[in-house]
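Colleague: I would like to learn how to read helix faces and pockets in a model. Can we go through one together?
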Amino acid sequence: HSHFLDLCDLLGQPKPLDADPTGDWYTFEKGVEKDTGGKGFADVWRRGFFGWEYKKKKRNLTDAYRQLSQYREALANPPLLIVCDLDRFELHTNFTGTVKDVHAFDLDGLADPANLDKLRAAFTDPDKLRPGRTQKQVTEDIAARFAELADGMRGRGVPADAAAHFLMKLMFCMFAEDVELLPKDLFTRTVGNAKTDPARLSKFLRTLFECMATGDAFGADDIPYFNGGLFKDADVLDLTPAEIKELHDCATCDWSQIEPSIFGTLFERTLNPDKRSQLGAHYTGREDIETLLEPVLMAPLRREWAAVRAKADKLADKAKGTKIGSAAWRAFENHVGTFLKRLDDVTVLDPACGSGNFLYVAINLLLGLEKEVLTYASSRDQRQRLPGVRPTQLRGIEVNPFARELAQMVIWIGFLQWMRFNGFQSPNDPVLDPMENIECRDAILDVSDP
C-alpha cells in the first residue's frame, strides 16, 4: 500500500480512499479471499484504467501477470494490466484487437521522463499507451513475408505438399519460441547460426524436430514433448542461402501476436498455388464468423449458464457461513462442475472447414465462456482449475489435404495463444494432442454409389 501511495504522490494523482471512499471503482485489494489464501483479483484496481498486482522484490513478474490475466474480466477488462515487485514495473496493454505491448522499467528508470509519462498515462489516459498496430496488420505483414519464402521454394520446383508440411513445422517453431514453449529465441538463433550453410541448417532443424517429437535436449536447451502429429517425422527440405535469410527475417517477427481467425486463410493463399491469386481478396474475419457462431453455438449455452448460475447463487447463499468442503459447498461445486463438464463435452463440426478459421473462433468462444464460469466459481471461494475445453472437441471435414493440415495447426496455435493471453499454463507432456478429428475427404456423399 505504501509503495502505491508514494507513487500517487510522485505522480500527483489521487489515492484510492480519497478518490473513492466506497471502493466501487478505485480500491486496494479488489477481489475476494481464495480458499488457498491471498487475494483472488488485483492488489489495486481502477475501473477503466488498470488492474495492478504486486509481488515481493525479485519475484517472478511473469507469474504476477499470469495471475492478473486470469481475473481481468472480473476487473471489467481494464486497458492496462500492471505488475510490480516494488522495484520493477511492467505495463502490459490489454486493448481488444491490438498487439500486446509491454512497457518495462525499474525505479532508476523513473529518471527518464518518458517512463514517468507512461506511468502517469496509466492514471490519466491509458489510451496514450494503445499500440499503433492491430493483430490483423501484424498477421498480414507476416503472411506477406512468408509468401517470399514460399515463392522461392515453389520457383525451384519443390512439390507443394512437401513444401507446405515443412513450412508449417517452421511456422509452428516460430510461434512456439515467441510464446515461450521453446526457449527464448532458440529457433531464430538456430537459423542465424547457419545463414550461409544450408546443409548445416538442415542438420540443425532435423535434430530440433526430432527433439520436439519426443522431448529431449537440443544442445544446452531442454525441449518439451510436443507430439501431436506435426513432428511425427523430422523431414527437412534444404533451403537456399536467400531462403534462409527470408526465414530469419520471418523469425524476427512476433508470432505471438498473430490473429488466428484470419491466419489460416492468409497462409492457405500464400502457400497454395491454386489460391495465390486471391492473396489480396476479401477474407471472412472474426466478426463475420461470430454472426453465425453467436446465435447457433453460444446463445443456447449462455441460456443454459444463466439458469445454472441462478441456481448456483442460491446454493452459494445457503452455503455461506459453512466451511469450504462442507456438504453445502459441495452441492454448489457439483452444480457448477456439471456445467463445466457440459462445456468440455460440446463438439463443433465444420463439414467444409478449409483452413480452420471457423473452428478456431468456435473454441475461442467456448474457452471465453468457460473462463467466465471458472471466475464465477473462484469468486465463491471455489478452487480455480485449468480450462478443460480442448481442440480435440472440434470436428472438421476438408477435401484439400494441405488445408486440412493447416487447419489443425491454426486451431492449436489459437488455443495455445488463448491460454497464454489469459494467464493459464499451456498443456505439457505432450503440448499438442493428436488432431485426428479433422478428416481429409469429401463432405458430400455420392448417393449414386452403392
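Colleague: Which exposed residues does the face of α1 turned away from its buried side carry?

Modeller: This is a predicted model. On that face of α1 sit the exposed residues S2 and D6.

Colleague: And which residues of helix α1 are buried?

Modeller: H3, F4, L7, C8 and L11 are the buried residues of α1, which covers residues 2–11. Look down the axis of α1: the buried residues fall within an arc of 145°, so they line one face of the helix. After α1 comes G12, with a positive phi near 70°.

Colleague: Now pockets. How do I read those?

Modeller: Start with the general idea. Rolling a probe the size of a water molecule over the atoms shows where empty space is left. Here, the largest pocket has a volume of about 1,100 Å³. It is lined by 38 residues, and R72, T96, R286, N364 and W418 are the closest to its centre.

Colleague: Which helix gives the largest share of that lining?

Modeller: α13, with 10 residues. Helices α5, α10, α11 and α14 each supply at least two residues as well.

Colleague: What is the make-up of the lining of the largest pocket by class?

Modeller: It has 11 nonpolar, 14 polar and 13 charged residues.

Colleague: How much space lies in the second largest pocket?

Modeller: About 790 Å³. Of its 27 lining residues, T62, D178, V179, E180 and R420 are the closest to the centre. Two or more lining residues come from each of α3, β5, α6 and α14. By class, the lining of the second largest pocket has seven nonpolar, nine polar and 11 charged residues.

Definitions and conventions
Residues are numbered from 1 along each chain as its sequence is written. This is a predicted model: local features need pLDDT of at least 70, side-chain atom pairs count only at pLDDT 80 or more; totals for chains, interfaces and linings use all residues. Side-chain values use heavy atoms; hydrogens and water are left out. On a 1 Å grid over the protein atoms alone, a cavity is a set of points where a 1.4 Å probe fits but cannot get out, and a pocket is an open set with protein on both sides within 12 Å along at least five of seven lines; lining residues have an atom within 4 Å of a point. Grid points are joined across faces, edges and corners, and a volume is the space filled by probe spheres set on the points. Helices (H or I, at least four residues) and strands (E, at least two) are DSSP runs, numbered from the N terminus. Ala, Val, Leu, Ile, Met, Phe, Trp, Tyr, Cys and Pro count as nonpolar, Asp, Glu, Lys and Arg as charged, and the others, Gly among them, as polar. Buried means under 20% relative accessible area, exposed over 50%, partly exposed in between (1.4 Å probe, protein chains only). The arc is that of the directions from the helix axis to the C-beta atoms.
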